Amino acid sequence: MVSEKFVAALDQGTTSTRCMIFDVHGTMVAMAQREHHQHYPRPGWVEHDAAEIWSIVRQVVPMAFSDAGVEPGQVVAFGITNQRETTVVWDRITGRPVGRAIVWQDTRTTDLLAEIAGDIDPAEITARTGLPLTGYFSGPKLRWILDHDENIRARGERGELMFGTMDSWITWNLTGGINGGLHVTDVTNASRTMLMNLETLDWDPVLLQALRVPRSMLPEIRSTIGVVGHTVHPVPGVPIGAIIGDQQASLFGQTAFDAGEAKCTFGTGSFLLLNTGQDIVRSSHGLITTVAHRVGDEPAHYALEGSVAVAGGLVAWCRDSLGLIRTAAEIETLAATVPDNGGCYVVPAFSGLFAPHWNPSAQGVLVGLTAFVTKAHIARAVLEASAWQTRDVMEAMRADARLSARSLAVDGGMTTDNLLMQMLADVLDVPVVRPMMAETVALGAAYAAGLAVGYWPDRQALRRNWQRAAEWRPTIDPARREAEYAAWTAAVGLADAWGH
Ligand code: G3P
């Protein structure tokens, strides 16, 4: 056993941080997980305490190693994966964050966007970054932090502060922090900042100037796959073989390595990514263009992405804020007690509307209420919202890439909900396929790190690990599907209009 080797993945997500240990078959042999606090100081604001997250990393890594019964010397590499866009600024000397991290879901920058549009044509931003001008990405969040505290801006300009997304914050701490920690990120995470040029894969001076970001605050951009350094804490001497944003990690974990392959992950939000290979495909239907991964000095691979801000987050809201259910799993049980939504629709525009609408001012709506509607109908509408939002991005994907998917590979926590998976097959009108290992974010980070150090010889070896666990086929009457889609589209129109 002592001679057996493993790969570790550290998945720093929106609600929790997990460390998982994988063997050569891609089987998870141990997992340790801790949630962190969500701070909602004002409507639309969402914050995390980066120091709390680092202290959780320090707990879960040794727990997973000890649960697996492995010594650090048996772990050939770490893969770091993370919630993307969430913005942290910290002090280079003390190592302390200057304030709470602004989370990707946070909409505080909505008013600032008009100011930014006065400094640079939004079309120019999209041409350089593949992203629409919206507060989802890190650049506006960082500018907000610098604009709202003169002292922070002055210190940032003097080179005393560092910016990073969660991958940078964690990697800097893992590699020594104030004692020589590496200030790095990777191309997938950097492609979410609105500061990186998609073609040069470097920080873009025009964008830095428009968003008023001092260059000295930014991490160095590295490739996704390739050893960046070695850990110092909380276990010493393990190579960090990969850094990869969580949605790109799940594309990799689904072994969707080739152009034309796609996946959709259902977590807090839901994210449909289509691998476009080495081609930078520009969307004209509300999708974003992002980096899928880059191996060493090879050309980068890109993806088209349909980002949906709220999927599982709506179920969590029903549990935590409404008290409609006690556990997330109960949403399925409750929804299954009725045959349909009773005429009601929920559009969870808690962070405005993301793809393909991109309206930061939109707000959520619950429509179609009559005295007939029960909490079971609402539970059903809650699940359907995730399915319809996926249909919206799938339509955009079809229009942009002229691709009609023959099936959709899914993963993430919500895919254990069989009713939702059936709804998804029904509304998309394609079979929905879930692999045995539905935790593909961590798996993808482990695969990427393992490839970097030669733990797996090539991608073919990884493809052999992929096994189908379940498949759902469309059963709904097509006329009913399209009538429901029309009603959903009308409800989205109401959410879109509400914030104006
Ligand atoms: O872009 C945000 C995304 O990376 C968050 O993913 O899985 O933490 O909801 P998740």
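Which residues does V441 touch, not counting residues up to four places away in sequence? Let me start there. V441 touches D11, T81, D246, A249 and S250, where contact means heavy atoms within 4.5 Å.

Before I go on, the usual small print. This is a predicted model, with local features needing pLDDT of at least 70 and side-chain atom pairs counting only at pLDDT 80 or more, while totals for chains, interfaces and linings use all residues. Residues are numbered from 1 along each chain as its sequence is written, and side-chain values use heavy atoms, with hydrogens and water left out.

Okay, back to V441. This valine is found in helix α14, residues 440–452; helices here are DSSP runs of H or I with at least four residues, strands are E runs of at least two, and both are numbered from the N terminus. V441 counts as buried, at 11% relative accessibility. For that word, buried means under 20% relative accessible area, exposed means over 50%, and partly exposed is in between, with a 1.4 Å probe and protein chains only. Now look at S250: V441 and S250 are 191 residues apart in sequence, yet 4.1 Å apart in space, C-alpha to C-alpha.

S250 takes us to helix α9, residues 246–253. Eight of its eight residues are buried, so α9 is largely enclosed by the rest of the structure. The buried set includes D246, A249 and S250, and those names also appear among the contacts of V441. After α9 comes T255, whose phi is positive, near 55°.

Helix α6, residues 166–174, gives a similar story: nine of its nine residues are buried, so α6 is also largely enclosed by the rest of the structure. Among them are W169 and W172, along with D167 and N173. α6 is followed by G176, with a positive phi near 125°.

Next, a loop residue. Q105 lies in the loop between β7 (101–102) and α2 (110–119). Q105 is buried, with a relative accessible area of 13%. Leaving out residues up to four places away in sequence, Q105 touches T14, G44, V46, T268 and S351.

Now for the rings. Rings of Phe, Tyr and Trp (its six-membered ring) pair if their centres lie within 6.5 Å; planes under 30 degrees apart count as stacked, over 60 as edge-to-face and the rest as tilted. By this rule the count comes to 18 aromatic pairs. One of them is Y136 with F137, a tilted pair at 4.6 Å centre to centre and 45° between the planes. Y136 is buried at 2%, and F137 is buried at 0%. Both belong to one aromatic cluster, together with W104, F271, F354 and W358.

On to charges. The structure holds 34 salt bridges, each being a side-chain nitrogen of Lys or Arg within 4 Å of a carboxyl oxygen of Asp or Glu. Take the one between E85 and R192, at 2.7 Å, N to O. E85 lies in the loop between β5 (75–82) and β6 (88–91), and R192 in the loop between α7 (187–190) and α8 (205–210), so the pair ties together parts that are 107 residues apart in sequence. Buried or exposed? E85 is buried, with a relative accessible area of 1%, and R192 is buried at 0%.

Compare that with R222 and E220, whose side chains meet in a salt bridge at 2.8 Å, N to O. R222 is partly exposed at 23%, and E220 is partly exposed at 45%. There's also R468 with E471, at 2.1 Å, N to O, and E471 is partly exposed at 26%. Salt bridges that share partners also join E115, D119, R143, D147, R153, E157 and R212 into one network.Last stop, two helices. Helix α12 (residues 375–401) and helix α16 (residues 478–498) pack at an angle of about 90°, with axes 11 Å apart. Axes are lines fitted to C-alpha atoms, for helices over the stretch in contact, and angles run from 0 to 180 degrees between N-to-C directions. That makes α12 roughly perpendicular to α16, on a scale where under 35 degrees is roughly parallel, over 145 roughly antiparallel, 65 to 115 roughly perpendicular and the rest oblique. On the α12 side the contact includes W388, R391 and E395, and on the α16 side R481, Y485 and W488. By class, this contact has five nonpolar, one polar and seven charged residues. Here Ala, Val, Leu, Ile, Met, Phe, Trp, Tyr, Cys and Pro count as nonpolar, Asp, Glu, Lys and Arg as charged, and the others, Gly among them, as polar.
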